[in-house]
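Open the model in your viewer and follow the stops below. The tour starts with the whole chain and ends at a single residue.

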Amino acid sequence: MRICLFSIVTYWHGVKGGMEIHGKILCEGLVKRGHEVIVISTIHPDGKNFEESNGIRLHYLDNTVFGSKREGWKTASLKKFLDLEQVKRFDIICSMSVIIPKELIRNKKKIPMIIISEGTGVMMLLSEIKQTFSHRNEFRKLLKPFLSFIYYYIFWELSLKRYNAIIVVSNEVAKSTLKWYFVDKRKVYTVYNGIETSLFFPDQSKRADVRRALVVTDDEKILLFFSFVTKQKGLHLLIKAMPDILEKNNVKLLVIGEGDYLAEAKQLVDQLGLDSYVVFTGYIPREEAPDYINASDVFVLPTIRQEGMPFSLLEAMACGKPVIASKIGGIPSVIDDGINGFLILPGNISKLIERTNSLLNNKDLADRLADNARQKVIQNFSQEKMIEETIKVFKL
């Protein structure tokens, strides 16, 4: 198949979020299986117009704004597609989120159009509301995300019903899509995110080196928070839980990632007198991520965001780590509470403390959950399974 993929941000822009990782794994997998993949995206920060990576051809559009489907995206992306279409006809048009110009959706060539959805606008708006309650922000700050939601819902997301198929990454995204977007349920297919289980696996070979570099002693344990550091990811909850966790454990919190909440998180650590117990590493390349995950003892994601399917959670489970995560969004599609991890209600600090203490103080329990976590990912969330199930939808 000759596949055109639209994505306003890609892994090759230098952005390593869930959608970008998903796109990279999928595109590389499609090429390895003999398919032709051409990506259309927004302007590259380095000024590139074109590059080829592992057989994937990427076109970055001038007269667009990086990461935005406003300010020229519709015109530039449509023109680039038509130019490429004249060279050779596409068999499939695929979109990472709702960004295909309506002029193309209404095309008469009847090329199948498929969207891959990590989450809906409704889910994101609900996350903003939960964040406001959690941080006690002024409610007037909801005006901007609400107006943004209205714009994208009316001018972009309502076009979902025109797509031939909608691939969603979790059951929660499927429910939201069916409830709010007037989509025929026969068009919706759940294909879970998948990761490279050959890259993310239990490996103790570099554990000592990483812990030494982080100034962690042999008798200390590590709680790991590995994510974009935004208000919605719940890092503030974990930091607030640390004093109680420290009463019963010799432990440090390792925070990996960057984001707009990082400065506030560091201030909170300082206010609580936790400077000696919290380590901020900043950004870590994904290729090094398995070493840091394997150096940790428990992975924690206390998010209050309506997650689609967090890659960091899958990566930690693939590395055989016991995990604690919020019962929200697509996370319950991954974690069976008490079997391969623990689920807590979003914002419940007391339960977060209880579950963390139980894992830090019960090695048999932690090992059992960790082993089951690894098996769950291998069986249901491998990159091979994700790619093959996506191809099945393409061929319908």
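A contact here means heavy atoms within 4.5 Å. The model is predicted. With the whole chain selected, take the contacts with a separation of 6 or more: residues 24 or more positions apart account for 69% of them.

**Whole chain, as cartoon.** Colour by secondary structure to see 14 helices and 14 strands. The radius of gyration is 21 Å, close to the 21 Å that the globule rule gives for 396 residues, so the chain is as compact as a globular protein of that length. Turn the view to the principal axes, along which the C-alpha atoms fill a box of roughly 65 × 50 × 40 Å.

**Whole chain, as surface.** The accessible surface amounts to about 17500 Å², and carbon and sulfur atoms contribute 51% of that area. Of the 396 residues, 57% count as buried.

**Charged side chains.** Next, select Lys, Arg, Asp and Glu. There are 55 positive and 46 negative side chains, with the centres of the two sets 8 Å apart.

**Pro202.** Now zoom in on the loop that runs between strand S8 (188–190) and helix H7 (207–213); Pro202 sits there. Is Pro202 buried or exposed? Its relative accessibility is 43%, and because the range between 20% and 50% is called partly exposed, Pro202 falls into that class.

**Around Pro202.** Which residues does Pro202 touch, leaving aside its neighbours within four places in sequence? Select Asn294, Ala318, Cys319, Gly320 and Arg374, which are in contact with Pro202. Finally, add Met317: its C-alpha is 9.3 Å from that of Pro202, while the two residues are 115 apart in sequence.

Definitions and conventions
Residues are numbered from 1 along each chain as its sequence is written. This is a predicted model: local features need pLDDT of at least 70, side-chain atom pairs count only at pLDDT 80 or more; totals for chains, interfaces and linings use all residues. Side-chain values use heavy atoms; hydrogens and water are left out. Helices (H or I, at least four residues) and strands (E, at least two) are DSSP runs, numbered from the N terminus. Buried means under 20% relative accessible area, exposed over 50%, partly exposed in between (1.4 Å probe, protein chains only). The radius of gyration is taken over C-alpha atoms; the globule rule is 2.2 Å times the number of residues to the power 0.38. Accessible areas come from the Shrake-Rupley method with a 1.4 Å probe; for residues, only the protein chains shown count as cover. The place of a charge is taken as NZ of Lys, CZ of Arg, CG of Asp or CD of Glu.
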